[in-house]
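Reader: I'm new to reading protein structures. Could you walk me through this one in plain words?

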Amino acid sequence: MNAPAKIEEFAATAVPAGVFAETVTAVKHYTDRLFSFRMTRPAEFRFRSGEFAMIGLMVDGKPIYRAYSIASPAWDEELEFFSIKVPDGPLTSHLQGIKPGDQVLMRKKPTGTLVLDALTPGKRLYMFSTGTGIAPFASLIREPETFEKFEEVILTHTTRDVAELQYGFDLVEEIRNHEFLAELVGDKLRHYATVTREDYPFKGRITNLIRDGKFFSDLGLPAFDPAVDRGMICGSTEMLKETKALLEAAGLEEGANNKPGEFVIERAFVG
């Protein structure tokens, strides 16, 4: 296995054209499958909360990139990412070993569909996520505009094990204690966490919980209503497909950057 690239290994000539080389400032390992990291943000790098960037490392003299949702909000001075660890992953097998001071490559143009502009106006915003699919929502629930546009925001996060929910719990706790977000968000944000493989007060796949009505009864909310409800979906391929079908069955239409709708899906993956 190749060691992660170090700062001293990045000569100016080694950084590909049109790419930033940024320094890792913090790394936190949540489980043997999940970790987050923060890195410096180029002064000229602009993005909309909810977008993703192509980040990578030089491996055997070649850059390897994967799409990663930016977990930090657009106003943050640093960039945050939340990643799985794939033992044989072309990028993540190396990325999981990074430490503060190491450098990570990032292409200069962000993109993505999980942005507020891709949704038509509504009152309630559902954010459906599994695993590291919570990352773009970590950006959006720290974005003031989200709470200016919606009266209520429900963040759902489903993982296999309870330990894998910790990133989401830390995120919500950070907001509750933040100097300006706490007052702005108030009680508008609700966090619905479920697991599929361990005993837990809220257990099951989010799609099954929606289908049998437990999701709505747990939250004390009515079924989906296209007149007021909006949705964003980020997770596994199967979860995307099932949640999309449930929203469409309720009368919501999929949107995009060039044609806003009642829900949007992110189809970029990490590996």
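Author: Sure! One word first: a residue counts as buried when its relative accessible area is under 20%. Also keep in mind that this is a predicted model.

Reader: Let's try that word out, then. Is Tyr167 buried or exposed?

Author: The cut-off for buried is under 20% relative accessible area. Tyr167 has a relative accessible area of 3%, so Tyr167 is buried.

Reader: Which residues of helix 4 are buried?

Author: Helix 4 covers residues 166-176. Tyr167 belongs on the list, and the others are Gly168, Leu171, Val172 and Ile175.

Reader: Why do the buried residues of helix 4 line one face?

Author: Imagine looking down the axis of helix 4. The buried residues line one face because, from there, they fall within an arc of 130°.

Reader: And what do those buried residues pack against?

Author: There are strands and helices on the list. The helices are helix 2 (135-140) and helix 5 (181-185). The strands are strand 2 (34-40), strand 5 (78-84) and strand 9 (189-195).

Reader: Back to Tyr167: which residue forms an aromatic pair with Tyr167?

Author: The structure holds 18 aromatic pairs. In this one the rings sit edge-to-face, 5.7 Å centre to centre and with 80° between the planes. The pair links distant parts of the chain, 137 residues apart, with one partner in helix 4 and the other in the loop between strand 1 (19-29) and strand 2. That other partner is Tyr30.

Reader: Is Tyr30 buried or exposed?

Author: Remember that buried means under 20%. Tyr30 has a relative accessible area of 19%, so Tyr30 is buried.

Reader: Now the sheets. In the open sheet of 6 strands, which strands stand at the edges?

Author: The order is 4-3-6-1-2-5, and the pairing is antiparallel. The edge strands each have a single partner strand, so one side of each is left without a neighbour in the sheet. The twist averages 40° from one strand to the next. The edge strands are strand 4 and strand 5.

Reader: Over how many bridges do strand 3 and strand 4 pair?

Author: Strand 3 spans residues 52-59 and pairs with strand 4 in the antiparallel sense. Gly56 stands opposite Tyr65 in strand 4. Tyr65 also has Arg107 over its face, at 4.1 Å from the ring centre. As for the bridges between strand 3 and strand 4, there are 8.

Reader: Ile70 sits in the loop after strand 4. What is the relative accessible area of Ile70?

Author: This loop runs between strand 4 (62-69) and strand 5. Leaving out residues up to four places away in sequence, Ile70 touches a list of residues including Phe45, Phe47, Leu79 and Phe81. Ile70 is buried, and its relative accessible area is 0%.

Reader: What about the open sheet of 5 strands: which strands are at its edges?

Author: Here the order is 9-8-7-10-11, with parallel pairing. Each edge strand has a single partner strand, so one of its sides has no neighbour in the sheet. On average, neighbouring strands are turned by 10° against each other, direction ignored. The edges are strand 9 and strand 11 (263-265).

Reader: Which residue is the bridge partner of Leu155 in strand 9?

Author: Strand 8 (residues 152-159) and strand 9 pair in the parallel sense over 7 bridges. For Leu155, the partner in strand 9 is His191.

Methods:
Residues are numbered from 1 along each chain as its sequence is written. This is a predicted model: local features need pLDDT of at least 70, side-chain atom pairs count only at pLDDT 80 or more; totals for chains, interfaces and linings use all residues. Side-chain values use heavy atoms; hydrogens and water are left out. Buried means under 20% relative accessible area, exposed over 50%, partly exposed in between (1.4 Å probe, protein chains only). Helices (H or I, at least four residues) and strands (E, at least two) are DSSP runs, numbered from the N terminus. The arc is that of the directions from the helix axis to the C-beta atoms. Contact means heavy atoms within 4.5 Å. Two strands pair if DSSP finds at least two bridges between them. Axes are lines fitted to C-alpha atoms, for helices over the stretch in contact, and angles run from 0 to 180 degrees between N-to-C directions. Rings of Phe, Tyr and Trp (its six-membered ring) pair if their centres lie within 6.5 Å; planes under 30 degrees apart count as stacked, over 60 as edge-to-face and the rest as tilted. A charge sits over a ring if NZ of Lys or CZ of Arg is within 6 Å of the ring centre and within 35 degrees of the ring normal.
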